[in-house]
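This report covers the ligand sites of the model shown below. It takes the metal site before the other bound molecule.

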Amino acid sequence: MQQLSSKEYKNEFVNTFDGDDSGELHPRQTPGVLYSKATPTPVKKPTLLAWSEDLAKELGIEKPSSQEETDILGGNLVTDTMQPYAACYAGHQFGHWAGQLGDGRAITLGEWEVATGKTFELQLKGAGPTPYSRRADGRAVLRSSVREYLMSEAMHYLGVPTTRALSLVATGDEVLRDMFYNGNAAYEPGAIVMRVAPSFLRFGNFEMPAARKEIDNLRKLVDWTISRYYPHIQGEDKVLRWFKEVLERTAALMVDWMRVGFVHGVMNTDNMSILGLTIDYGPYSFLDDYDPKFTPNTTDLPGRRYAFGRQPAIAKWNLGCLASALAPLFSGTEELVAALEGYDAIYWEKYYTMMANKLGLEQVDKENVSFIDDFEKALITLKPDMTIFYQLLADLPLELQDEQQVADHFKESFYAAPDKAERQLLYNTTQAYVEKLGKNTAPREESQKRMRANNPRIILRNYLLSQAIEGLESGDDSLFIKLQEALKDTYSNKSDEFFAKRPEWATKKAGCSMLSCSS
Ligand code: AMP
Ligand code: MG
């Protein structure tokens, strides 16, 4: 185990690429470079609120036991071997080219090397202004930091690729936010999350040099990314093969989101990880009632571009942006276009395999695929709580005789009692399901085991997060601590106090169902 303060940090990204070394923090365009040197702006008093023991152990990082160590997590101390920087990236936001964006409030302190030689970027989110802060303050509020901290860890334990969070620190400073964008700005407690990933590179990091026609920078970044994060890809056609692998990982990530019912909320190309990780936790949500049109982001309401059911298609659209950015490295675009066209087949194959696992079916044959389609349509009509419904499905007694018995079995998953037609649909669907189960060769217990491994029982619902945040803001961390424990084992019944539907009041309360981007 090593201390944050005495570790010798690596700075490969900074040492490899051209950057703006002026250290100036005022907002500006930075053509020609891939990052700007940026030192965190100190805060009043960093106080450790949470620490991810498991991640720290994995990385060999000792828990801070002095103010000096905590100061690193709050941006108040930068050690000699750290070369902090903000990355310069661009992006397409809500379908439109947004030009240069960049790390406006994230600062990478350095790269932490572990015994295997692998390195992890340690990045502070909310550490103060950088050249990419535009008109904003570079800070983050406690509520959004708690959400990022808990959810990125929850996704990790759910088995969904994600950036991680090592620590949550209160800054002691207040941050001004207009939470509902309605002219009622108010001060909120500030916080900083230290997040960790092998790399925080996004599609937007590649879009930036491409848009600026800085082809040498683009080629160098692509080569470096491949050799460092995809070292098994070599040879003449490596860029194409790499793009295909990014596409494959992105498709796999979408399937995982569909599996657990995660809605990201802001799938702009600057929020798409080049490693296929879930990145940038903002106005996200889990689905409560099953609704592919649900978007948790108030800014997304007009078009519902980032609604649950659209995520796989949006990922493809974003991959199209990445392909366009890479096009200057190819003599023609045919191969890239063909690779992109391959997305649907790759996605659907993974999707049906995942759904078969969720349903405890062994085969992904034509009949089961057609059943999966019907099953999903039934969910859309019935609108049960997604998580609870699948749990009850795993427990479904096979001998249930009539509509009423089946409706009673699923009672806990419904937000409104099903009417006669819905009860009929539910009955027919479960009958068809039982028939499909009959095609399995292994005993029912095997099928149930498979379902329990693929269907989370506990999810971090927005109302729970909101209650935990209210608690923390008033000095009561009990729910926060409970959630921090519960998220480590979401497939078992260990934390069944959280195995419950969203309560009625939560549909009306801000931050419990819909969220704004203000963070
Ligand atoms: P997001 O929607 O959170 O992915 O952010 C989009 C862009 O806005 C990124 O370039 C962020 O760095 C920047 N940004 C968001 N919030 C802030 C803030 N409070 N201060 C500075 N930049 C910000
Ligand atoms: Mg972002």
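Asn271 has a relative accessibility of 10% and therefore counts as buried, the cut-off being under 20%. Asp280, at 13% relative accessibility, falls under the same 20% limit, so Asp280 is buried as well. In this predicted model, these two residues coordinate the magnesium ion (ligand 2): Asn271 through OD1 and Asp280 through OD, at 1.8 to 2.2 Å.

Asn271 also belongs to the surroundings of ligand 1, where 17 residues are found. Those that come nearest are Gly102, Gly104, Arg134, Gly138 and Asn271. By class, the shell around ligand 1 is made up of eight charged, six polar and three nonpolar residues.

Which side chains place an N or O atom at 3.3 Å or 3.0 Å from an atom of ligand 1? The table lists three such pairs, including one for Asn271.

| Side chain (N or O atom) | Atom of ligand 1 | Distance |
|---|---|---|
| Arg105 | nitrogen | 3.3 Å |
| Arg177 | nitrogen | 3.3 Å |
| Asn271 | oxygen | 3.0 Å |

On its own, ligand 1 has 490 Å² of accessible area, and the protein covers 81% of that area. Ligand 1 sits in the largest pocket.

Asn271 thus links the two sites in this description: its OD1 coordinates the magnesium ion, and its side chain has an N or O atom 3.0 Å from an oxygen atom of ligand 1.

Note on methods: Residues are numbered from 1 along each chain as its sequence is written. Chains are lettered from A and ligands numbered from 1 in the order in which they are written. This is a predicted model: local features need pLDDT of at least 70, side-chain atom pairs count only at pLDDT 80 or more; totals for chains, interfaces and linings use all residues. Side-chain values use heavy atoms; hydrogens and water are left out. Donors are N, O and S atoms within 2.8 Å of the metal (3.2 Å for Na, K and Ca); water is not among the atoms, so sites may look incomplete. Buried means under 20% relative accessible area, exposed over 50%, partly exposed in between (1.4 Å probe, protein chains only). A residue is near a molecule or strand if one of its heavy atoms lies within 4 Å of it. A polar contact is a pair of N or O atoms within 3.5 Å; within protein, one must be able to donate a hydrogen and the other to accept it, and residues adjacent in sequence count only if both atoms are side-chain atoms. Accessible areas come from the Shrake-Rupley method with a 1.4 Å probe; for residues, only the protein chains shown count as cover. On a 1 Å grid over the protein atoms alone, a cavity is a set of points where a 1.4 Å probe fits but cannot get out, and a pocket is an open set with protein on both sides within 12 Å along at least five of seven lines; lining residues have an atom within 4 Å of a point. A molecule sits in a cavity or pocket if more than half of its atoms lie within 2 Å of its grid points. Ala, Val, Leu, Ile, Met, Phe, Trp, Tyr, Cys and Pro count as nonpolar, Asp, Glu, Lys and Arg as charged, and the others, Gly among them, as polar.
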